[in-house]
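Please look through the structure below at your own pace, and then follow the paragraphs beneath it, which lead from one part of the fold to the next.

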Amino acid sequence: MNRLGGSGVEVSALSFGAAAIANLYSEVGEAQAHDAVEAAWQRGIRYFDTAPHYGLGLSERRLGAALRDRPRGQYTISTKVGRRLEPSDGTGDDLAHGFAVPAAHRRVWDFSADGVRRTLEASLERLGLDRVDVVYLHDPDEHAEEAFREGYPALEKLRGEGVVGAIGAGMNQAEMLTRFVRDTDVDVVLCAGRYTLLDQSALTDLLPAAQERGTSVVIGGAFNSGLLANPRPGATYNYTVAPSELVERALRLKSVADRHGTTLRAAALAFCAAHPAVASVLVGARSAHEVRDCAHQFAARVPGAFWHDLRAERLLPADAPVPHEEPS
C-alpha cells in the first residue's frame, strides 16, 4: 500500500476504475459488475475509484453495493465533484456521453463550494457510505477559475473537518494538474492518458513537480483507451479511432514486447508504475476476466532488455523511469 501525499490515506499499487461497470459504451449486467469488483478484491486490489459522471450515478450505486459487506477500514474509495446530477424528464439514453443508461438525470457543471458539498452528499447516498477517502475535482478544464476559487477551498475545508482524508483533481491533461500541484495543497492528482508508452507529456512538468512537492499521482488510461491493450487498425485512442501513425507506433511497441517474451499490456502497466511519484495505476474493467488479466499483467516481470530496446529504437525517452530490472 502507498500513502497519498502527506495524508493518512493509503492505496494499492493497482486500483479499480469503476466507469466501465456503469455501462460504458454498452450494457453491463448487475451480476457481471458485481463479479468484476469481487475479482478485484480477490486479486488484492483495495483502491476503488468512481464518479457521479459514470453512468449518471450507476457506477457509485454498483460499487457501493459490491463493497457493502467488506470491512470499511480495509479499502479506499474515491469519488469526484464538479458534475452535479439533477433529475431530468428527458427520454432516450446517455450514449452521447458514453454510457448506455437512461437519461434520467442531467449533468450540471458546478465547482462552487455549495455544489461540491451537495454533489458529495449525493454520492455518499448512492454509495451507501458515511464517508469517502479521496475526493477529486473532476475535469475542471473549462472551469478553472471557479475550481481554483471555490472548488478547491471547499475540498480543503472538508479535509480540515475530517470529512475526507485526501483531496485532489482528476483530468485528461497534465498542464492544469501541474498548476494544482504547484499552487495548492492537494494530496494527489489523477492523470489519465498523459503518462503512457504512447504519451509521456506528464513527464515534462507534472511528475517532476509532484515529486518535488511530495504530491502523489494516480495514473489512469494506461492503455490509452484501448490502443495499447490490443493495437490494430480501428483501435481506440483517447476515446476515438486511433490515427494510423499511432497504430503503427503501438504495433512497433508490441513487436518489441513479443520479441522479449512479454506482453504490451504488462509493459504498459509496468511503465506507468515505475515513476517514483506514482502511487497507483488505475485500470478500468467491465468483467471479472478483464480484472484478472490486468492483475496478472501488472504482476508480470518485464525484461530489462525490453526497455533497453525501446530506448534504442527511440520508442521511449531516455529520461523516462523504467522498472529496475537486470537485462536478460
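In this predicted model, a convenient place to begin is the right-handed β-α-β unit that is made by strand β4, helix α2, which covers residues 58-67, and strand β5. The two strands of this unit, of which β4 spans residues 47-49, are paired with each other in the parallel sense over three bridges, and within this pairing F48 stands opposite I77 of β5.

Strand β5 itself deserves a slower look. In a regular strand the side chains alternate between the two faces of the sheet. Here T76, S78 and K80 point one way from β5, whereas I77, T79 and V81 point the other way, and all of these residues are buried. Because six of the six residues of β5, which runs over residues 76-81, are buried, that is, under 20% relative accessible area, this strand is largely enclosed by the rest of the structure.

From here the reader can move outward to the strands on either side. Strand β5 also pairs with strand β10, residues 134-138, in the parallel sense over four bridges, and in this pairing T79 stands opposite V135 of β10. Strand β4, for its part, runs parallel to strand β3, residues 14-17, and is joined to β3 by two bridges, with F16 standing opposite F48 of β4.

What do these pairings belong to? Eight strands, in the order β3-β4-β5-β10-β11-β12-β13-β16, close into a barrel whose pairing is parallel. From one strand of this barrel to the next, the twist averages 25°. Helix α8, which covers residues 264-274, packs on the sheet, where it touches β13 (216-220) and β16 (278-284), and the direction of α8 makes about 150° with that of β16.

The last stop is a pair of helices that pack on each other. Two packed helices are described by the angle between their axes and the distance between the axes. For helix α3, residues 113-127, and helix α4, residues 144-160, the axes come within 8 Å and cross at roughly 55°, which means that α3 is oblique to α4. The crossing of α3 and α4 is, moreover, right-handed. Which residues make the contact between these helices? On the side of α3 they are A113, V116, R117 and L120, while on the side of α4 they are E150, G151, A154, L155, K157 and L158.

Technical notes. Residues are numbered from 1 along each chain as its sequence is written. This is a predicted model: local features need pLDDT of at least 70, side-chain atom pairs count only at pLDDT 80 or more; totals for chains, interfaces and linings use all residues. Side-chain values use heavy atoms; hydrogens and water are left out. Buried means under 20% relative accessible area, exposed over 50%, partly exposed in between (1.4 Å probe, protein chains only). Two strands pair if DSSP finds at least two bridges between them. A crossover is right-handed if, with the strands pointing away from the viewer, the path from the first strand over the helix to the second runs clockwise. Axes are lines fitted to C-alpha atoms, for helices over the stretch in contact, and angles run from 0 to 180 degrees between N-to-C directions. Contact means heavy atoms within 4.5 Å. Angles under 35 degrees count as roughly parallel, over 145 as roughly antiparallel, 65 to 115 as roughly perpendicular and the rest as oblique. A crossing is left-handed if the near helix is turned anticlockwise from the far one by less than a right angle, and right-handed if clockwise.
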